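Here are my notes on the model you sent over. Have it open on screen while you read, and go through the points in order.

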Amino acid sequence: MVELHGWITVRESYKVDDEGKNISIIVRRIEEKISLLGWDTNLLDIRYYNGTPALSIALFTNRINESINQTFELVKFVCREAKGSYGIIYMYDDESDKAFDEFKVYIVCKGKICEKQDKFLSPLMQKVYQK
């Protein structure tokens, strides 16, 4: 099974004085991308919290499939459109040849997404399931 959990605070720029010029247009574009996916069983949602847009992601699937690929394509889109966005995505894939007992962590920051090693929940069996 694959689990994917994440959040991204959507910001137009990482420079404070640039913020807000086009954020409503950017959010509308993200919402359009989400609606084109037509998901009904997973969470992929953008909402405003205290005036700040944030993307929430929760996805459970049997294996790596098109939903996972679409999620990362959406995140790359957010990185291109809203370079000041930041957030984190955790993914666990128990069928992975290389990391069947580990979470992968993806950091979104300054227009990029990069993979990092998880030190909090991995190895999963040792940290979560054993006493």
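In what order do the elements of the chain run from the N terminus on?

1. **Fold order.** They go β-α-β-β-α-β-β-β-α. That comes to three helices and six strands, where helices (H or I, at least four residues) and strands (E, at least two) are DSSP runs, numbered from the N terminus.

2. **Ground rules.** Keep in mind that this is a predicted model: local features need pLDDT of at least 70, side-chain atom pairs count only at pLDDT 80 or more, and totals for chains, interfaces and linings use all residues. Residues are numbered from 1 along each chain as its sequence is written, and side-chain values use heavy atoms, with hydrogens and water left out.

3. **Overall dimensions.** The chain has a radius of gyration of 16 Å, which agrees with the value near 14 Å for a compact globule of 131 residues. The radius is taken over C-alpha atoms, and the globule rule is 2.2 Å times the number of residues to the power 0.38. Along the principal axes, the C-alpha atoms fill a box of roughly 50 × 30 × 25 Å.

4. **Inside and outside.** Of the 131 residues, 38% are buried; buried means under 20% relative accessible area, exposed over 50%, and partly exposed in between (1.4 Å probe, protein chains only). The chain exposes about 8300 Å², and carbon and sulfur atoms supply 50% of that. These areas come from the Shrake-Rupley method with a 1.4 Å probe; for residues, only the protein chains shown count as cover.

5. **Contacts and charges.** Take the contacts (heavy atoms within 4.5 Å) between residues at least 6 apart in sequence: 54% of them join residues at least 24 apart. As for charge, there are 19 positive and 20 negative ones, and their mean positions are 7 Å apart. Lys and Arg count as positive and Asp and Glu as negative, while His and the chain ends are not counted; each charge is placed at NZ of Lys, CZ of Arg, CG of Asp or CD of Glu.

6. **Cysteines.** How many disulfides does the structure hold? Zero, taking a disulfide as a pair of cysteine sulfur atoms within 2.5 Å. For Cys-79, the closest cysteine sulfur is in Cys-109 at 9.2 Å, so the two are too far apart for a bond. Cys-114 is in no disulfide either, and its nearest cysteine sulfur, again that of Cys-109, is 7.8 Å away. If you're thinking about accessibility, Cys-79 is buried at 3% relative accessible area, whereas Cys-114 is partly exposed at 35%.

7. **Backbone oddities.** Most residues other than glycine have a negative phi, and most peptide bonds are trans. So which spots deserve a look? The peptide bond from Ser-122 to Pro-123 is cis, with omega near -5°, and Pro-123 sits in the loop between strand 6 (112–117) and helix 3 (124–129). Asn-50 has a positive phi, near 55°; this residue lies in the loop between strand 2 (43–49) and strand 3 (52–61) and is exposed, with a relative accessible area of 83%. Lys-110 also has a positive phi, near 50°, and belongs to the loop between strand 5 (103–109) and strand 6.

8. **Two buried residues.** Thr-9, in strand 1 (residues 2–9), counts as buried at 13% relative accessibility. Leaving aside residues up to four places away in sequence, Thr-9 touches Thr-52, Pro-53, Ala-54, Ser-85 and Tyr-86. Over in helix 1, Ile-26 is buried too, at 4%. With the same neighbours left aside, Ile-26 touches Val-10, Glu-12, Glu-81 and Ala-82. From Ile-26 to Phe-77 is 51 residues in sequence and 10 Å in space, C-alpha to C-alpha.

9. **Two loop residues.** Is Thr-41 buried or exposed? Thr-41 is exposed, at 70% relative accessible area, in the loop between helix 1 (23–37) and strand 2. Its C-alpha is 8.3 Å from that of Leu-59, 18 residues apart in sequence. Asn-22, in the loop between strand 1 and helix 1, counts as partly exposed at 36%. The C-alpha atoms of Asn-22 and Ala-58, 36 residues apart along the chain, are separated by 27 Å.
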